[in-house]
Amino acid sequence: MDYENINIGLAGFGNIGSYFYKILEKNKKDIYIKTGKIPNIKYISARNITKKRKIKIPRKKWVKNFIDLSKKDDVDIIVELIGGSDGPAKKLVFSALKNKKHVITANKALMSKHGDELGHLAEKNEVNLEYEASVAGGVPIIRSIKEGLIANKINKIYGILNGTTNYILSSMERKNKSFNEILNKAKKLGFAETNPISDLNGSDSASKLRILSSIAFNKSISKNKILTEGIQNINLTDILYAKSLGYKIKLLSISEVKKNKLMERVHPCLILKNSYIAKIDGVLNAVVVDGSPIGKSVLQGEGAGPGPTSSAIISDLCTVLKGEVNYPFGVSFSERKKISKFDILNHFCSSYLRIEVKDQPGVLSSITKIFAKNKISIKNLIQKPNKKNKKASIIIITHENIEKNFNNLLLHLVKNKFVLKKPTFIRIETV
Ligand SMILES: NC(=O)c1ccc[n+]([C@@H]2O[C@H](COP(=O)([O-])OP(=O)(O)OC[C@H]3O[C@@H](n4cnc5c(N)ncnc54)[C@H](OP(=O)(O)O)[C@@H]3O)[C@@H](O)[C@H]2O)c1
């Protein structure tokens, strides 16, 4: 490494890569004042280097094969902004760490799948592996857990880790519009990708949650099958019923250690509408860290987009420029043990159910009997008849019970002769 000038090989010049380049060029002087080093993007690689781009890049900077970036003697840091858990991103990051280059990545898919191996390699070769942008975009949650909250034993970490789904749910409620209407608007505004499936089905949040739990609890990244439910089946009707009962529906990612076992889950939740998290609307993300001695600490902000993501990448860059080689996951690889999985069937919560039934005599007693048979007691019940269609909606808030009993309840409800379709079941979360 040169005394003052640090050379970067940038892989990926899309949404994030091109913005990062622009903002880094603009902020070089400030970065020098703060770190004593001048970062210089020496080489760039992308899939198609002849593609017409908004930013003009001198020809000599382009490198045809991305993997060559990791082999060049005059590159100190690789910034990986290609994406994907395997393929070129994985190949590049492994090669860079093997060649003792520092690595900065915004890639949650890669980190949640290969983070342990990559972290181990970085630690062995005494280089940085930084990935602040991989979770909650501009919200500095990773560095906060590893550094600002280092004194704490964290019991639980939860929040909204996906801006697209939060935008959809909050806009459905505010604008009184259906899921599809709002999803189309989100695509037009650039808040949802053309293929937003990994956002909608909760898998994007689940990848981020795996990374967070690993740092929060000092464990290796869980390979467990996480309870993952998305928002595709959330209906405006449920949002409005929830509202009338004093709740909001949010897609929460929740991780906690219970009886020395890890429980990670991503699913829509009814939460009290005056709770802090309920007020996080639009594309914002928010993460609550519940630890001791701090209590509950909240970080919120923009969870995606070129600006917030570049902010996080530059913060990683400054860590590297300052020469702070840290353990990638806060503690050394040998300290990060596996943790077994908490059996989700024993998870305890209350719930909201909407059951669509035929409007006939005897329906209510038939339905409530199924609840009694499955040992689930009802806290609140509303029946809304739709005389014209000879149908009715039964909305039920239950007392707390275990997941296993709720599963059985749903199996029995579906088989009941009055029930018209699979009931909507949403867990109620105390936050
Ligand atoms: N977008 C966000 O708001 C956001 C937020 C947080 C984290 N991230 C993460 O940031 C990373 C980049 O996201 P993005 O939105 O910038 O993606 P993007 O716009 O699709 O850009 C991907 C870049 O990678 C290049 N690329 C693709 N395949 C390649 C290959 N085989 N070899 C070399 N280069 C290749 C593409 O080249 P071409 O330009 O030639 O097509 C493009 O420049 C991802 O890991 C993503 O999860 C994104």
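In which sense do strand β9 and strand β16 pair, and over how many bridges? This is a predicted model, in which local features need pLDDT of at least 70 and side-chain atom pairs count only at pLDDT 80 or more, while totals for chains, interfaces and linings use all residues. Residues are numbered from 1 along each chain as its sequence is written.

Select residues 261-272 and 424-428: these are β9 and β16, which pair in the parallel sense over 2 bridges (strands are DSSP runs of E, at least two residues, and helices are runs of H or I, at least four, both numbered from the N terminus; two strands pair if DSSP finds at least two bridges between them). Within this pairing, Leu 270 has Ile 428 of β16 as its bridge partner.

Keep β16 and add β12, residues 348-358, which runs antiparallel to β16 and is joined to it by 5 bridges; here Arg 354 stands opposite Thr 424.

Next, select the ligand and the 24 residues that surround it, of which the closest are Gly 12, Gly 14, Ile 16, Gly 83 and Ala 304 (a residue is near a molecule if its C-beta atom, placed from the backbone, lies within 6 Å of it). Helix α1, residues 15-35, gives the largest share of this shell, 3 residues.

Finally, move to helix α10, residues 306-321, whose end C-alpha atoms are 22 Å apart, in agreement with the 22 Å that its 16 residues should span at 1.5 Å a residue (the expected span being 1.5 Å times one less than the number of residues). Just after α10, Gly 323 takes a positive phi of about 80°.
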